[in-house]
Amino acid sequence: MAHDTHTHDEGHGHEHHGNFWTTYIFSEDHKVIAKQFLITGMAWALLGGILSVIFRLQLGFPDANLSWLKPILGGWLTAEGKIDPEFYLALVTMHGTIMVFFVLTAGLSGTFSNFLIPLQVGARDMASGFMNMLSYWFFFISSCFMFTSLFISTGPAAGGWVIYPPLSALPQAISGSGLGMTLWLISMALFIVSSLLGSINYITTVINLRTVGMSFSKLPLTIWAFFLTAIIGILSFPVLFAAALLLIFDRSFGTSFYLSDIYIGGEALPNQGGSPILFQHLFWFLGHPEVYIVLLPALGITSEIIATNSRKPIFGYKAMVGSILFIAILSFVVWAHHMFVTGMNPFLGSIFTLLTLIIAVPSAVKIFNYVTTIWRGNLRFTPGMLFSLGLVSFFLTGGITGIFLGNSAVDIQLHDTYFVVAHFHLVMGSASFFGMLAGIYHWFPKMFGRMMNEKLGSIHFWITFIGVYMVFFPMHYIGIAGFPRRYYTWTNFETFSGFADLNFVVSVAAIVTLGAQFIFLFNFFYSMFRGRIASANPWQSNTLEWTTPRNPGHGNWPGEIPTVYRWPYDYSKPGAKEDFIPQNIPFSETPESNLPHENELIKLEGVEGNAIVVEEKKH
Amino acid sequence: MSMIIGLGVVLVVVILFMIFRIGNLMEVAKEKKEDSWNNINAILFLLFMVFGLIGFFWYSYEKWGTYEPPVASVHGEVTDNLFWVTMWITVVAFTILFIVMFWFAFAYRYDKNRKAAFFADSHVLELTWTIIPAAILTLLIIKGLSVWNDITSPPAKDATVIEMIGQQFAWTAHYPGVKDQELGHHNYKMIDAINEFGLDLADKNSFDDFKSLTLYLPKGKEVLLKIRAKDVIHSVYLPHFRVKMDAVPGVETHFKFTPTKTTEEMREETNNPNFNYEMACAEVCGKGHFSMRFPVVVVEPEEYDKWMAAQEPWLKQNPDYMKYVPANLKEAAMIKAGLPMENSTSNTVTLK
């Protein structure tokens, strides 16, 4: 039945061919929607990066006259050519919001879950193309609101990306909490709708639309990661939605969910009985899983790319799936480690310390497995591979500092210092960003039918890789020295008077790193039109997307959807002619390389396929 | 001027583009082997590993002692110790993995004459690196939780209680008077421009309370900071005492600690005659977040008592507020605040 509908769909697709609006704008094709997410995410990434460089100018060159930025920043510069302290906070806030949600959630999951799930599980499209389209357009409208908030006279939200009330609830506390915060909340509400529509689709597609033979134990690790990410998203984003809704009530309708005993601007507010801590619990109930929503897809992408380019099976497939699963579950019960010093019950602090440090075990297993995968491999340093190895390195460097921060007693001193900034920018920020870049380089040939330039990719990698380390590694020292984050300047304090040199280095590295991204942008857009023509399977990879034609059309495979017989990591199998055996090659065709138990499976090959098809028809 | 810079940038971009095009064409013409770039990347990984680690160890050694603020509290020494134990463990693990990973990247670079090993899993290996991290983490958890329990245990009965109040963008310290040693109640609805604490003058403990714009602390005695905020969330951050606790409007928080070194002693220890303890705000609270400096002074207990005794109660400084004291407590208030008696009668008269 499923097959019939697909052929039907395909027919429709051809009828509408050539209509610009249905093909490129309001498309229901998962590949086009993925590209829409990608391009939008890239635009946001560039903006988020530029914002960070602007506030790094303030921190690295505190005496510089920035009046040359007047044409862009206008009234946000003071008469002396310095960034306004309130605008500094707005920059920090918007940088965080944009990077976490718009780039690393929508840009990463939106692009690769959309692009890869149908292609790798062997489906013609997402379970609901229409919902998928809605998901993008909700994201687009959400983006419009957030973007607009950058240009209003009171400025965008400025209370930090975590928008803790009462600061975010009271316009008299900071001007960004006026219209800017309203737009932030509207934008995030729409964003959550988009994210949920996407996640429901991803889960449904993975469960229901796998091709014949594609059992869960044969899923590529990318799909496992996207699948569990979508589940995390579905369970946690509604909580942020609730938190935002209550905040909207507090701001606009006089309720007191988060507000109590406040005296501000010369008057005592009537709100009583609320708790700002409640907001933090609700926020981090999303906020911490969000870290893994950002990170897991990147780890999935990396697993796939490292195995392919090591020409070796990923080491410990089951352990990799198990650790993703374990991380996904634990991600829901560690949120309060962001709140050790908020005054919550110290006993909760103990529990969350315990649960948080447990999460280090599956994370460590993942690192060890990556390292073992490249051991005795035959490594091809494609740009995708370079960025994947970069990711593993960031995951190690940044992850290890989590052991400090997760320990509540040690966290007392480190909380809200630059040590935290260093930690999360490496482990979730840069690591996920590298996952995204790796994914773009690796799947570009399937997206656009052309190759990206590998030399430019290498140059881009090395500048970015070293640049990111130069930006975030020095922050560990600054953090151990106790420098608090979100400070416009530290000159008011004797304690924080040093490290002007390191802050200078960090800012210069940030500028260079941002500059290097233009190499990537050039490579991306140039290769889209002028790049070397790609073959159907340029990386000699095993997963199903490489069995499609160079430019897969609507419906992905021109004929039948391939049947899957083996797991996706049969690289360099002893006895095999090639160093890769795609998933759709039956064991009966590879007697020379089959393992003993695989020879037994040959008997089932015809039968098994039929059995599944019969079962499908019953539904 | 900017025109010239703009033209220069355009020129550089155009030149880079030409180089890129020529390089591309050359490559097509020569059909060069892919191996050369693969080897360059492999070598770069090795160099990155070597120079990265050298840089890390050199800087950490060279600047040893400059990146950690000196510690001046009892629990601070314990948490610092835990911090450095964790540091040694993680640096060892980090260094080994860093070397191994990038060495593999170099050693197993592509070679068309070699085939990768088909090595898909090993229960022994996987159990090893599940159990070893789990065991080390267990030790860190046990140590961490016991330290955490000590820090958050109830304060001693005779602890010196001081209240810190955060507001945009300043701190104030609210001390109990020497006569009753108890903080008076407060109510946010009573806050005004003068009554910054929202001191509730119906409470007899409030009469001798005083305000200070410096946090005086006695050395060697347990101090219990009670913390609250008036407008938005702030966070009491005392870097030298390893103290951090949010100030939350509507929720009272607290943190106990014992200072171990007076300001004078710290000046000697750091060879810095201008050394001062400081308090900062660690939770973003608005435009002036970075400017919430509050001076902190630690003195010997005797000196602390002397300082306490010399402070003037808030009520004495603001006798107008006598009108909020209930009639039956007026006399007690006069005595506790040290106000002259006739003042009181005149006040009551005007009230009537």
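**Two chains, one strand and a shared core**

User: Let's start with a pairing: which residue of β8(B) stands opposite B:V223?

Analyst: This is a predicted model, so take it in that spirit. Strand β8 covers residues 253-257 of chain B, and β5(B) pairs with it in the antiparallel sense over five bridges. Opposite B:V223 stands B:F257.

User: And which residue in β5(B) does B:G166 stand opposite?

Analyst: Here the partner strand is β1 (residues 160-167) of chain B, which runs parallel to β5(B) and is joined to it by seven bridges. Within β5(B), the residue opposite B:G166 is B:A229.

User: Why is strand β5 of chain B largely enclosed by the rest of the structure?

Analyst: The strand spans residues 223-229 of chain B. To be counted as buried, a residue needs 20 or more other C-beta atoms within 10 Å of its own. Strand β5 is largely enclosed because the number of its seven residues that are buried is five.

User: Moving on to the two chains, which helix of chain A gives the largest share of the side that touches chain B?

Analyst: The contact involves 94 residues of chain A and 82 residues of chain B. On the chain A side, the classes come out as 53 nonpolar, 28 polar and 13 charged residues. The largest share, nine residues, comes from residues 360-374 of chain A, which is helix α12.

User: Which helix gives the most to the largest nonpolar core?

Analyst: That core holds 268 residues, and the ones touching the most other members include A:F226, A:L391, A:A431, B:V236 and B:M279. The top contribution, 22 residues, comes from residues 85-121 of chain A, in other words helix α5.

User: Leaving out residues up to four places away in sequence, what does A:A431 touch?

Analyst: A:A431 is one of the core residues that touch the most other members. With those sequence neighbours set aside, its contacts are A:L295, A:A298, A:L391, A:F394, A:F395, A:G398 and A:L426.

User: How many Å apart are the C-alpha centres of the two domains of chain B?

Analyst: The assignment gives domain 1 as 20-109 and domain 2 as 160-351 in chain B. In contact are 10 residues of domain 1 and 12 residues of domain 2. The domain 1 side of that contact has five nonpolar, four polar and one charged. The centres are apart by 48 Å.

User: What separates the domain centres in chain A?

Analyst: Chain A has domain 1 (30-256 + 274-303) and domain 2 (560-618) in the domain assignment. Seven residues of domain 1 are in contact with 13 residues of domain 2. Taken over C-alpha atoms, the separation of the centres is 41 Å.

Terms used:
Residues numbered from 1 in each chain as written. Chains lettered and ligands numbered in written order. Predicted model: local features only at pLDDT ≥ 70, side-chain atom pairs only at ≥ 80, totals over all residues. Contact = placed C-beta atoms within 7 Å. Helix = DSSP H or I, 4+ residues; strand = E, 2+ residues; numbered from the N terminus. Nonpolar A, V, L, I, M, F, W, Y, C, P; charged D, E, K, R; others polar. Core = buried A, V, L, I, M, F, W, Y, C linked by C-beta atoms within 7 Å. Buried ≥ 20, exposed ≤ 12 C-beta atoms within 10 Å, placed from the backbone. Domains from an automatic or database assignment. Pairing = 2+ DSSP bridges.
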